[in-house]
Amino acid sequence: MQNGGTHEPGDDLVMHESAMVAERFERFRAPETPRPGVALPPGNIEAHLRLETHRIEKGLSIAEPRRPFGRLAQERLTFLLALAAELSGKGDGLVSAEDQAREALRALQRWNSADRGTRDPDLTQPALLAPDDGPSRKRDALTEFFAQRSSVRSFDPEKPVSPEAIERAVEVALHSPSVCNRAAGRVHFYEGRAAIGPLLDLQQGNRGLTGIRHLAVATVELSMFAGAKELTQPWIDGGLFLMNLVWGFQSQGIGSCLLNWSMPDAASRELRKVAAIPESELIVCMLAFGYAQEGTYVTRSAKPPLAHVMTLH
Ligand SMILES: Cc1cc2nc3c(=O)[nH]c(=O)nc-3n(C[C@H](O)[C@H](O)[C@H](O)COP(=O)(O)O)c2cc1C
């Protein structure tokens, strides 16, 4: 294999690791098209319920919604709800997807049965975007907010982050866009040296970081993806979810440092075991977070010029 003309000893691993990722994706992903009466695991039913629900809300949010529309979505939601009804011991995810699907079906019915009608308030809302064409304090404040984030590598171990603050950050992360609103991002939290030490031991990149009291492992639930063509989608959804988790912490004055999980599948298997992460979740990255140690320094991390990263076509 060529790598800038040089064959490195690890290059053959690329094929092996790709196969491992693909194998796990195949094991858990949903079929591209669900079939009436064909049983599916709960996660795959949830994926399709969310996907079809989104088809309806999207249909109602476009500039000129058709009327009637959504026959296929309605058919699929109906048989998916029947499949879900047969399952016992469903988790929160599936239950909420069922509720949202029923709401979407009602909204679709209202829209299709009326001659004329306004947008459905349960599924759509006016866009809250005001174009800003002049000096704007809000824009300045937000620009500053984004510019002020830096990776923090020295934490104050004596200052715990409250569970409420952690939940607020996850709420921000949940606002992330995701394919067909399937919200596949997941995050596991660990606190205290005894819990996080063994996890950090598996990661290469936390050397020199001090005072880490809180650690998150961001993952993506693979059963939320449908069809082979979505193979690389989990990384994107997972990255967006993780970035917004960081903003959720930043907005509360809580610092963080992403800790790469550029690790082989064998290490992911080990991490799943040690950190009690389900087999169906793809590991995206670790995140050390907490209050910064007073007086700590952060990098300036100079960036390349704008023209290098953007192309105006
Ligand atoms: C996916 C990812 C993995 C990273 N892994 C590490 C890591 O293992 N250790 C570390 O100290 N920083 C890690 N970082 C932080 C980067 O070094 C940092 O984001 C970059 O240098 C820019 O600096 P800033 O975050 O302060 O703006 C990671 C960043 C990303 C996006």
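R110 is partly exposed, with a relative accessibility of 40%, in a model that is predicted. The side chain of R110 forms a salt bridge with D122, and the closest N and O atoms of the pair are 3.4 Å apart. R110 belongs to helix α4 (92-113), whereas D122 lies in the loop between α4 and α5 (137-147), so the salt bridge ties together parts that are 12 residues apart in sequence. D122 is likewise partly exposed, at 45% relative accessibility.

A network of salt bridges with shared partners joins K90, E98, D99 and R102. Within this group, the side chains of E98 and K90 meet at 3.2 Å, N to O. E98 has a relative accessible area of 4% and is therefore buried, the limit for that class being under 20%. K90, at 28%, is partly exposed.

A further salt bridge links R71 and E75, with an N to O distance of 2.7 Å. Both residues lie in helix α3 (residues 71-85), where a spacing of 4 residues corresponds to about one turn of the helix. R71 is exposed, with a relative accessible area of 59%, while E75 is partly exposed at 41%. In total, the model contains 17 salt bridges.

Turning to nonpolar packing, the largest nonpolar core comprises 29 residues, and those with the most contacts inside it are F225, L242, L245, F249, L287 and F289. At least two residues of this core come from each of α1 (11-28), α6 (163-174), β2 (214-221), α8 (233-250) and β4 (281-290). Because domain 1 (14-112) and domain 2 (139-290) both contribute residues, the core lies between them. The surroundings of L242 illustrate the packing: leaving aside residues up to four places away in sequence, L242 touches A218, L258, V284, C285 and L287. A second core, separate from the largest, has 22 residues, including L81, L94, A101 and W111.

Nonpolar side chains also occur on the surface. L306, V309, M310 and L312 form a nonpolar patch there, with a combined accessible area of about 470 Å². One of these residues, V309, is placed in helix α10 (residues 306-309). V309 has a relative accessibility of 58% and so counts as exposed, since the exposed class begins over 50%.

Technical notes:
Residues numbered from 1 in each chain as written. Predicted model: local features only at pLDDT ≥ 70, side-chain atom pairs only at ≥ 80, totals over all residues. Heavy atoms only, no water. Core = buried A, V, L, I, M, F, W, Y, C linked by side-chain atoms within 4.5 Å. Buried < 20%, exposed > 50% of the residue type's maximum accessible area, 1.4 Å probe, protein only. Domains from an automatic or database assignment. Contact = heavy atoms within 4.5 Å. Patch = residues over 30% accessible without salt bridge, like charges linked within 9 Å, V, L, I, M, F, W, Y side chains within 5 Å. Areas by Shrake-Rupley, 256 points an atom, 1.4 Å probe, with all protein chains shown as cover. Salt bridge = Lys/Arg side-chain N within 4 Å of Asp/Glu carboxyl O.
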